[in-house]
Amino acid sequence: MFPNHAQPLVTAPAETAILALLLTEGPLSRVELARRTGLSSTAITKSARPLIDDGYLHELPPERTAPGAGRPVNPLAVTVEREFFVGVKISADALFATVCDLRAGMRATAGRDLGEDRSPEAVCALLCELVDVVLDADPAFRERTRHLGIAVSGDVDRAAGRVRYSVLPGWRDVPLAAMVARATGLSVTVENDVKALTVAEHWFGEGIGTEYFALVTIGAGIGSGLVVNGQLIAGAYGVAGEMGHISIDPAGPVCHCGQTGCVEAIASSDAIRDTVRAATGKKDLDFDDVVQLARSGDPAARDAFARAGRAIGTGIATLVNLLGPERVVVTGEGLDTYDLFGVHIKDAYAAHCFKAAAKCPLTLRPLPWEEWARGAAVLGIQALFP
Ligand SMILES: [Zn+2]
């Protein structure tokens, strides 16, 4: 985080375990916390004390677990308004911002179109304006916000706070965290947008409680985020989870990454459009035209979606065979055309999963843009932990 390297809220393993469980699955009684963490009740009580004193946790009124079950218990709960977190998603043509509470509940949102100037300096200035707008929505926000998360597509070096590569013009090795931290005074984390969304979904969505979890995005790009042993993995070179660039057809089209036959080169919305343009000879078709053609039964357009669906299903099966996630969430604007390729995704997935790996369900989860900003805010919640 930049620039002030804010101290994590919890450092002792017991405190970390208690806060993490209460954030994602609370309220829970001390007995339940002890059972879930393997800690003694004394350790739970001792570790919860500083978090209660700091206002992050509170005790709920006593409840009897069952008639005649003895002493009533006071479950512990997170005080969600104790701290707020700002998240900003940078997309190719717009910014989306949100303020979230401690359990990632969205309290305020705002958006801005990017202007003509999409240089790092111009986007940074607009981003800081937008952060001011959402923080001004309630006096408590500014008072109790320390962390800002930024999610951006491309190659992001989270530890260094730098965007190494993005589709935005001129964005090469941009020290974005330091720039925004200087301008806002907040502690800033920058992460790849799919990875940020994966963390949000793992902590506060479909992935709660799973040790092995994956999120796949389909649409303009094809990507994935992977959780192994309860942790998001970046890999040694920061690019773990590039499902879109698994090569599934050596005779397939050349990808923008330089390889041949990548899932993304066959199944991204641009790839589907290009396939239909080539098949029909109509060079001016855009993606919406192609969708309309497919829905009206045009064989070339329907074939292009079928091929894309098979590529996506094969890519997800590859990921599932390698990692064995409990669940895969499929999201992204590509879900808008799920009627055209969903059955092909499912068929190819079933055909390529190895044995028991096929037990892993695919969960479709349409997420609006604000949810990507929420993913960015969750980066700030994560920063409470060591
Ligand atoms: Zn590729």
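This briefing walks through a zinc site, a pocket, some aromatic rings and a few backbone oddities. Keep in mind that you're looking at a predicted model. The zinc ion is held by one histidine and three cysteines, namely His245, Cys255, Cys257 and Cys262. Elsewhere, the second largest pocket has a volume of about 850 Å³, and the structure holds eight aromatic pairs.

**The zinc site**

- Start with the atoms that touch the metal: ND1 of His245 and the SG atoms of Cys255, Cys257 and Cys262 are the protein donors, and they sit 2.0 to 2.4 Å from the zinc ion.
- Look along the sequence and you'll find these donor residues spaced as H-x9-C-x1-C-x4-C.
- His245 and Cys262 are 17 residues apart, and both are in the loop between strand 13 (231-232) and helix 8 (263-267).
- Why is the arrangement called tetrahedral? The angles between the four donor atoms around the zinc ion run from 104 to 120 degrees, so the arrangement counts as tetrahedral.
- For comparison, the ideal angle for four tetrahedral donors is 109.5 degrees.
- Is His245 buried or exposed? It's buried, because its relative accessible area is 19%, and the cut-off for buried is under 20%.
- Cys262 is buried too, with a relative accessible area of 0%.

**The second largest pocket**

- This pocket has a volume of about 850 Å³, and 31 residues line it.
- If you want to find its centre, look for Ala20, Trp203, Gly230, Gln231 and Gln382, which are the lining residues nearest to it.
- Several elements give two or more residues each to the lining: helix 1 (13-25), strand 10 (187-192), helix 7 (193-204), strand 13 and helix 13 (369-382).
- Which element gives the largest share of the lining? That's helix 1, with six residues.
- Sorted by class, the lining is made of 17 nonpolar, ten polar and four charged residues.

**Aromatic rings**

- There are eight aromatic pairs in the structure, and one of them is formed by Phe96 and Trp369.
- A pair of aromatic rings is described by how far apart the centres are and by the angle between the planes.
- For Phe96 and Trp369, the centres are 5.6 Å apart and the planes differ by 5 degrees, and the pair is stacked.
- This pair links distant parts of the chain, with Phe96 in strand 4 (residues 94-100) and Trp369 in helix 13, 273 residues apart.
- The two partners also fall into separate accessibility classes: Phe96 counts as buried because its relative accessibility is 17%, while Trp369, at 38%, counts as partly exposed.
- Trp369 also pairs with Trp372, and this pair is tilted, at 6.0 Å centre to centre and 40 degrees between the planes.
- Both of these tryptophans, Trp369 and Trp372, lie in helix 13, three residues apart, which is about one turn of the helix.
- Trp372 has a relative accessibility of 8%, so it counts as buried.
- Away from these pairs in our list, Phe287, Phe305, Tyr338 and Phe341 form one aromatic cluster.

**Backbone oddities**

- Some background first: most residues other than glycine have a negative phi, and most peptide bonds are trans.
- Where is there a cis peptide bond? One joins Gly26 and Pro27, with omega about -5 degrees.
- Pro27 is in the loop between helix 1 and helix 2 (30-37).
- Ala104 isn't a glycine, yet it has a positive phi of about 65 degrees.
- You'll find Ala104 in the loop between strand 4 and strand 5 (106-113), and it counts as buried because its relative accessibility is 2%.
- Asp173 has a positive phi as well, about 55 degrees, and it isn't a glycine either.
- Asp173 lies in strand 9 (residues 172-174), and with a relative accessible area of 40% it's partly exposed.

**Across the structure**

- Asp136 is in the loop between helix 4 (120-135) and helix 5 (139-143).
- Is Asp136 buried or exposed? Its relative accessible area is 53%, so it's exposed.
- The C-alpha atoms of Asp136 and Pro250 are separated by 53 Å, and the two residues are 114 residues apart along the chain.

Methods:
Residues are numbered from 1 along each chain as its sequence is written. This is a predicted model: local features need pLDDT of at least 70, side-chain atom pairs count only at pLDDT 80 or more; totals for chains, interfaces and linings use all residues. Side-chain values use heavy atoms; hydrogens and water are left out. Donors are N, O and S atoms within 2.8 Å of the metal (3.2 Å for Na, K and Ca); water is not among the atoms, so sites may look incomplete. Four donors count as tetrahedral if all angles lie between 85 and 135 degrees; four count as square planar and six as octahedral if opposite donors are over 155 degrees apart and all others between 65 and 115; anything else is irregular. Helices (H or I, at least four residues) and strands (E, at least two) are DSSP runs, numbered from the N terminus. Buried means under 20% relative accessible area, exposed over 50%, partly exposed in between (1.4 Å probe, protein chains only). On a 1 Å grid over the protein atoms alone, a cavity is a set of points where a 1.4 Å probe fits but cannot get out, and a pocket is an open set with protein on both sides within 12 Å along at least five of seven lines; lining residues have an atom within 4 Å of a point. Grid points are joined across faces, edges and corners, and a volume is the space filled by probe spheres set on the points. Ala, Val, Leu, Ile, Met, Phe, Trp, Tyr, Cys and Pro count as nonpolar, Asp, Glu, Lys and Arg as charged, and the others, Gly among them, as polar. Rings of Phe, Tyr and Trp (its six-membered ring) pair if their centres lie within 6.5 Å; planes under 30 degrees apart count as stacked, over 60 as edge-to-face and the rest as tilted.
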